[in-house]
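Got your viewer ready and a selection box open? Here is a walk through one structure, stop by stop.

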Amino acid sequence: MRRHFLPLLALCVALVPALRAEHDIVIYGGTSAAITAAVQAKKMGKSVIIVTPDKHLGGLSAGGLGWTDTGNKTIIGGLSREFYQRVWQHYQTEGAWKFQPATEYRGGKRTKTAIDDSTKTAWNFEPHVAEKVFEAFIKEHGITVVRDEWLDRAKGVKMKNGRIVSITTLSGKTYAAKMFIDTTYEGDLMAAAKVDYHVGREPNSRYGEEWNGVQVGIIHHRHHFGPYKKAGGESEGPALKISPYVVPGDPASGVLPRVSTEPVGIRGEGDHRVQAYCFRMCLTDVPENRISFQKPAGYDPKQYELLVRIYQAGWKETFSKFDPIPNHKTDTNNHGPMSTDNIGFNYDYPDASYERRRQIIQEHVTYQQGWLYFIANDPRVPADVQKEMRRWGLPKDEFKDNGHWPHQLYVREARRMVGAYVMTENELRKKRPTPDSIGMGSYTIDSHNVQRYITPEGFVQNEGDIGVGTGGPYAIAYGSLVPKKGQAENLFVPVCLSATHIAYGSIRMEPVFMILGQSAATAAVMAIDEKIAVQDLSYAKLRTRLLADGQVLETPAQ
């Protein structure tokens, strides 16, 4: 009897570690914020593990977004700035310039400050360089990363007395910790922990805002059918009056693909829609490094009939956002009335199942690869545009395990926590002071379109694109990183943080995510040491440590 009991006791003891805190901090997600959070936790002496569904680290920063949206660069401090400094160091080496002389890139009109020797920072970079830098951070600090592990969103978050005890992935692995940080673009851990969140646009009336909600009748950028407006309000170009119907002018003939027949909504009212997603493509015009655009599976030229009409109306800006990064490559972003943004095909993505998300991602791949192939090959595309597009292709030396296509969809917004403090446009525009700054943003309040609709006059128009200045850098509140008191005492959410749709349009920049990841980890360590809920942390102590670590919390003196 005793002999049988001892092995059973040993087995029970072996199982105990799965039930107690195996790490001080578990970070779920592999974005740029995850890296800075993990590095900061290790620097402060805590055990940390990154558990992520991703195979590649760095999110969009390593996924094609190499033309960094910065705003005022002086507010980018701490580990976020160190990332850009390490990128600069890479481009000081001769081997970094395989397809282009460094002097040529540095001398370009749009790129002469992209690699800034005065501050030893580089803001434009190739995807594989960013990933290399992130992996170096991980290796240097001995951080454990478990990849391709997907949170069991239905029953994988164990809660006890208002705290997350552990998370379990679909493979059955369980990770326990004292603190958790959700660094996903989707906010999956936050949602599975039953923390309050919002999807879509709030009405202006909810938070006393001016630019949230439906933007029908507002034309800010060149992502519409016009008439475009300059910053001063004067007209910059004529409207593209394009019929949305299969037979132009005949509603009975049916509506073209990618045009919604739903009511556009009333200006300033909220809705369920989120801004359009796309892939930030890395393209090259170097023949020996170029793979020509191929026809994707499921290609349907009818999907681009609207684009034909846009060209016929005289539009000529196809290549305006082929932003140059080193080695004759681009970070290609959306530009114009029908570009790489797949407008209206992502509304259910934030709350969708993994399988449904995979379908949505594939829809975006097919649309965007088809867009490239269509422009390069369809005879209805203007000859000069077609000739120029054929100069470009996918680079052989990027995204090698994914058909040279970016591995990360640009999820511009998904869920947004409704936390202890909600950041609104009023804080960003200095109409209301921001309490307890833990970092700063400064980029223009920027939303991409959310729908393409039919105007009462019977023409196509896009809606939701917006660009509103913030009047300089703004602080981001500590309360926007943590849930409301009583919901989760040991969770930080630095990516899907607590902000309205319109405020998130500025906050959602990669340098800011890295800043917030570091601040979240700093606060997590302090909350562990003091054995308190994250909502009860002393801001004065946190502020002292953030400043000591190089974070910028106020607008620097000019």
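Start by selecting arginine 273: at 9% relative accessibility it counts as buried, where buried means under 20% relative accessible area, exposed over 50%, and partly exposed in between (1.4 Å probe, protein chains only). Before you click on, note that this is a predicted model, in which local features need pLDDT of at least 70 and side-chain atom pairs count only at pLDDT 80 or more, while totals for chains, interfaces and linings use all residues. Residues are numbered from 1 along each chain as its sequence is written, and side-chain values use heavy atoms, with hydrogens and water left out.

Arginine 273 is in the loop between strand S11 (250–255) and S12; helices (H or I, at least four residues) and strands (E, at least two) are DSSP runs, numbered from the N terminus. Which side chains does arginine 273 reach with polar contacts? One is aspartate 271, at 3.0 Å, and another is glutamine 451, at 3.4 Å. A polar contact here is a pair of N or O atoms within 3.5 Å; within protein, one must be able to donate a hydrogen and the other to accept it, and residues adjacent in sequence count only if both atoms are side-chain atoms. Now show the surroundings of arginine 273: leaving aside neighbours within four places in sequence, its contacts (heavy atoms within 4.5 Å) include Gly200, Arg201, Glu262 and Tyr347.

**Next: glutamate 398**

Select glutamate 398, in the loop between strand S15 (394–395) and strand S16 (416–417). At 1% relative accessibility, glutamate 398 counts as buried. Its side chain is joined to that of lysine 329 by a polar contact of 2.9 Å. Beyond four places in sequence, glutamate 398 also has Glu126, Pro127, His128, Cys282 and His404 among its contacts.

**Then: glutamate 427**

Glutamate 427 sits in helix H11 (residues 425–428). Buried or exposed? Glutamate 427 counts as buried, at 2% relative accessibility. Draw the 2.6 Å polar contact between the side chains of glutamate 427 and threonine 424. With neighbours within four places in sequence left aside, the contacts of glutamate 427 include Arg432, Pro433 and Tyr474.

**Over to threonine 121**

Threonine 121 is in strand S4 (residues 121–122), and its relative accessible area is 0%, so it is buried. Measure from there to glutamine 85: the two are 36 residues apart in sequence, yet 4.3 Å apart in space, C-alpha to C-alpha. A 3.2 Å polar contact links the side chains of threonine 121 and tryptophan 123. Keep tryptophan 123 selected and add Phe83, Tyr84, Phe125 and Phe134: together they form one aromatic cluster.

**Rings**

How many aromatic pairs does a search of the whole structure find? It finds 20. Rings of Phe, Tyr and Trp (its six-membered ring) pair if their centres lie within 6.5 Å; planes under 30 degrees apart count as stacked, over 60 as edge-to-face and the rest as tilted. Try tyrosine 299 and tyrosine 373: the centres are 5.1 Å apart and the planes at 80°, so this pair is edge-to-face. Tyrosine 299 is in the loop between strand S12 (290–291) and helix H8 (305–312), and tyrosine 373 is in helix H9 (residues 354–377), so the pair ties together parts that are 74 residues apart in sequence. For a tilted pair, pick tyrosine 311 and tryptophan 315, at 6.1 Å centre to centre with 40° between the planes. Both tyrosine 311 and tryptophan 315 are buried.

**Helix H10**

Show H10 (residues 383–390) and colour Val385, Gln386 and Met389, which are buried. Down the axis of H10, its buried residues fall within an arc of 100°, taken from the directions from the helix axis to the C-beta atoms. They therefore line one face of the helix. Ala383, Asp384 and Lys387 are exposed, on the face turned away from the buried side. The buried residues of H10 pack against H8, strand S13 (322–325) and H9.

**Last stop: the cores**

The largest nonpolar core has 133 residues, and Ile25, Phe83, Phe492 and Ile507 have the most contacts inside it. Such a core is a set of buried Ala, Val, Leu, Ile, Met, Phe, Trp, Tyr and Cys residues joined through side-chain atoms within 4.5 Å. Helix H13 (residues 510–530) supplies the largest share of this core, 12 residues. Apart from this core lies another, of 23 residues, among them Leu151, Ala193, Leu491 and Cys496.
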